[in-house]
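Subject: A structure for you to look at

Hello,

Here is the structure I promised to pass on to you. Please open it alongside this email, and then read on for what turned up in it.

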Amino acid sequence: MRRMGRLTTHILDLSKGRPAGKVRIDIYEVKGDTLERMKSDETNDDGRLDTPLISGGTFHPGTYELHFHIGEYFRTQDVQINRLFLDIVVVRFVIDHADENYHVPLLVSPWGYQVYRGS
């Protein structure tokens with residue numbers, strides 16, 4: 001039996017030193033010059049989603065984008081920001097092995113971010 005992978009993520013708010021809850025995340029598949037929205041979800045209090053972004057039959061090799069709605073999140077936080085710097089953080093990546101798990105964590109502050117392929 002062939003093992004199927006999945007795509008997961010989580011978000012850590014570096015300015016508060018804790019997970020970022022209630023952040024909307026959209027997943028798109030890149031098809032040529034167009035983006036096809038697959039799903040939207042919102043992080044829980046642990047900064048994670050309750051289910052994988054994609055898994056099973058929808059998880060296949062291709063190019064994808066995650067759109068993290070960070071501006072909306074920071075507008076609801078007790079952070080002194082005169083002007084919003086980040087709005088939507090877009091991460092484009094490639095899934096090339098459908099039998100592996102892909103985890104794309106986002107570390108974020110109001111002024112910058114870091115993303116990597118986790119485990």
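**Salt bridges**

D46 is partly exposed, at 44% relative accessible area; here buried means under 20% relative accessible area, exposed over 50%, and partly exposed in between, with a 1.4 Å probe and protein chains only. Before going further, please note that this is a predicted model, where local features need pLDDT of at least 70 and side-chain atom pairs count only at pLDDT 80 or more, while totals for chains, interfaces and linings use all residues. Residues are numbered from 1 along each chain as its sequence is written, and side-chain values use heavy atoms, with hydrogens and water left out.

The partner of D46 is R48: their side chains meet in a salt bridge with an N to O distance of 3.4 Å. The term stands for a side-chain nitrogen of Lys or Arg within 4 Å of a carboxyl oxygen of Asp or Glu. R48 is partly exposed as well, with a relative accessible area of 36%. In the whole structure, the search finds seven salt bridges.

Which residues are linked with R24 in a network of salt bridges? They are D26 and E72. The side chains of R24 and D26 meet at 3.3 Å, N to O, and the closest N and O atoms of R24 and E72 are 3.9 Å apart. That second pair links distant parts of the chain, with E72 in helix α1 (residues 70-75) and R24 in strand β4, 48 residues apart. Helices (H or I, at least four residues) and strands (E, at least two) are DSSP runs, numbered from the N terminus. Within this network, D26 is buried at 3% relative accessible area, whereas R24 counts as partly exposed at 32% and E72 as partly exposed at 38%.

**Strands and sheets**

Strand β4 (residues 24-31) deserves a look of its own. Six of its eight residues are buried, so the strand is mostly covered. It runs antiparallel to strand β5 (residues 34-42), and eight bridges join the two; two strands pair if DSSP finds at least two bridges between them. D26, from the network above, stands opposite S40 in β5. The two strands form a hairpin with two residues between them, and G32 in the turn has a positive phi of about 65 degrees. β4 is also joined to β7 by six bridges, again antiparallel, and the bridge partner of I27 in β7 is L66.

There is also an open sheet of three strands, in the order β6-β1-β9, with mixed pairing. β6 and β9 stand at the edges with a single partner strand each, so one side of each is left without a neighbour in the sheet. Strand β1 (residues 6-8) and β6 run antiparallel and are joined by two bridges, with L7 opposite I54 in β6.

**Aromatic rings**

How many aromatic pairs does the structure hold? It holds three. One of them is F59 with Y102, a tilted pair at 6.0 Å centre to centre and 50 degrees between the planes. Rings of Phe, Tyr and Trp (its six-membered ring) pair if their centres lie within 6.5 Å; planes under 30 degrees apart count as stacked, over 60 as edge-to-face and the rest as tilted. This pair, too, links distant parts of the chain: F59 is in the loop between β6 (54-55) and β7 (62-69), and Y102 is in strand β9 (residues 102-103), 43 residues apart. Both F59 and Y102 are buried.

Y73 and F74 make an edge-to-face pair, because their ring centres are 4.9 Å apart and their planes stand at 70 degrees. Y73 counts as buried at 3% relative accessibility, and F74 is buried with a relative accessible area of 3%.

Y102 has a charged partner too: the charged end of R117 sits over its ring, 3.8 Å from the centre. For this, NZ of Lys or CZ of Arg must be within 6 Å of the ring centre and within 35 degrees of the ring normal.

**One loop residue**

Finally, T9 is in the loop between β1 and β2 (11-13). T9 is buried, with a relative accessible area of 4%. Not counting residues up to four places away in sequence, T9 touches several residues, including R48, F68 and V104, where contact means heavy atoms within 4.5 Å. A polar atom of its side chain lies 2.4 Å from the backbone oxygen of V104.

Best wishes

Note on methods:
A polar contact is a pair of N or O atoms within 3.5 Å; within protein, one must be able to donate a hydrogen and the other to accept it, and residues adjacent in sequence count only if both atoms are side-chain atoms.
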